[in-house]
Amino acid sequence: MKEQKSAIFKTVYQYNKVPISAADMEKLREIARDCREVRNYVYDKYGGIRGLPKISPGYTAQNEMTKCGLRERLNLPSVYFYLSIFDALGDIKSQWAHVKSEIEKNIRANPNLTPEDRHYLRFVMKQSQCFEAVLVGSGTAPDGAAPTGTAPGGMTLTGKWVESYIALCESVDTHRLNQYLRRQVRRHLVKPHSEAADGFPASPKGYRYADHGIYLTMKEKGKRLFIPLTDNNQYTRQVYIRLYPEEGKVTINVPVEVRQKHPAGYNGELGLAIGLKCMLVTDQGRAYGEKYLEYQSALADYVRERLPRHRRNAKYNPGTKKYNAGKARLEKALHDYVNAEINRMLETEKPGRIYLPKLPATPRAGYNRRVNATMNMWQRGYVKSRLVRKCAERSVEVKEVFGKGISTQCSECGAEGVKKQEIFCCGACGLEMPERQNTARNVLDRGKSDCSL
């Protein structure tokens, strides 16, 4: 079995002990607004195609931001200014990853592209030098260095990619494909923008623990704001200060490294089927999260019925706040139930390795508006992320297996079967069992086969 990491990260929270005054909260909100302005400035300056060569590793952007005069104009301490820059650069990188993912989908679906065309486009997207050169423009070395080779179309590259790129260009129309790639990027690339000013990051130099609380650096030179805390824990890492102005509260989000547990008795292999009506079903037919659909439907019905009125309300209308509070309450109930059932499953089954099917990108909608709303809001991503997280905490390995056709295949003989009222029926061998259990058995079989290769 593959060796697991010895430590993982989780977020712990610290809370203020007494309400924060309106004047002190306004000082914190001013820092949050300034950090938002820094992020939006970075989004606007580096979120486009021309900013692509400067966002990784980010020191070029950092140096330019230092010289632009924004920090001096805002009078924002450097402990907040530079963290906001790199947070924004991280968001831009995520946006580029999304763009490449969408382009990859279009490449697969485009019938006018030959296998050689697809290979060329994927090579260009994978190699940053080629990708930047195609988007920023031909004739210049992407990293600013002197060109060492000239590719077809006048593009000049550096390093070891010149020969590989030239070999690819022999069988394709590079001008047409480069134009196609530029059009795809223009279609999918959207500069990030933030309206939220509900918190800000702080480096260890921006705070100090003392006197059963925390001192935060303020915009006034030499001034720190003291916030009494409900615990005496002290940390020396980057934290995030989340503000709740209406309640006079803050939370300090702290990522901490924790050692994985190695509980006794966790061994064996387990196949799981993830569903909407029942959250998890094992290959032995045991079910966990049987009330999941009730919680999910309650949330979906609430949103479906109240969202039109919520959209008609003004931004700070009390009706909007009431809607958000109700939605948050139902989401919390759903998440609490999910976590409790995953814990129950792990404590009962005690697996050493779990196999999961790779689910399709978008679930199929139902046959009426209510079912469609429930399917669209199915939080299977949350279920999977919490399962993976809790398995990591217990040193349980998680493997994904190929999911195509896994629910219609007979787990006994491998033939195609049919589903009748949640029962799987195989016409070849006569097997009849709950459809979810049959799926979980197929997941386990495919997982074992993959690991034996």
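User: What pLDDT does the protein chain average?

Analyst: This is a predicted model, in which local features need pLDDT of at least 70 and side-chain atom pairs count only at pLDDT 80 or more, while totals for chains, interfaces and linings use all residues. Residues are numbered from 1 along each chain as its sequence is written, and side-chain values use heavy atoms, with hydrogens and water left out. pLDDT is the predictor's confidence in each residue, from 0 to 100. At least 70 is reached by 85% of the residues, and the chain average is 86.

User: Over which residues does pLDDT stay under 50?

Analyst: The model has 39 contacts beyond four places in sequence for this stretch, a contact being heavy atoms within 4.5 Å. The stretch with pLDDT under 50 is residues 139-154.

User: Which residues of strand 7 point to the buried face?

Analyst: Strands are DSSP runs (E, at least two residues), numbered from the N terminus. Buried means under 20% relative accessible area, with a 1.4 Å probe and protein chains only. In strand 7 (residues 224-228) the side chains alternate, and Arg224, Phe226 and Pro228 point to the face that is not buried. The buried ones are Leu225 and Ile227.

User: Why is strand 13 largely enclosed by the rest of the structure?

Analyst: Arg353, Tyr355 and Pro357 cover one side and Ile354 and Leu356 the other, all buried. Strand 13 (residues 353-357) is largely enclosed because its buried residues number 5 of the 5.

User: How many bridges join strand 13 to strand 14?

Analyst: Two strands pair if DSSP finds at least two bridges between them. Pro357 has Val401 in strand 14 as its bridge partner. Strand 13 and strand 14 (residues 397-401) run parallel, and the bridges joining them number 5.

Note on methods
Buried < 20%, exposed > 50% of the residue type's maximum accessible area, 1.4 Å probe, protein only. Helix = DSSP H or I, 4+ residues; strand = E, 2+ residues; numbered from the N terminus.
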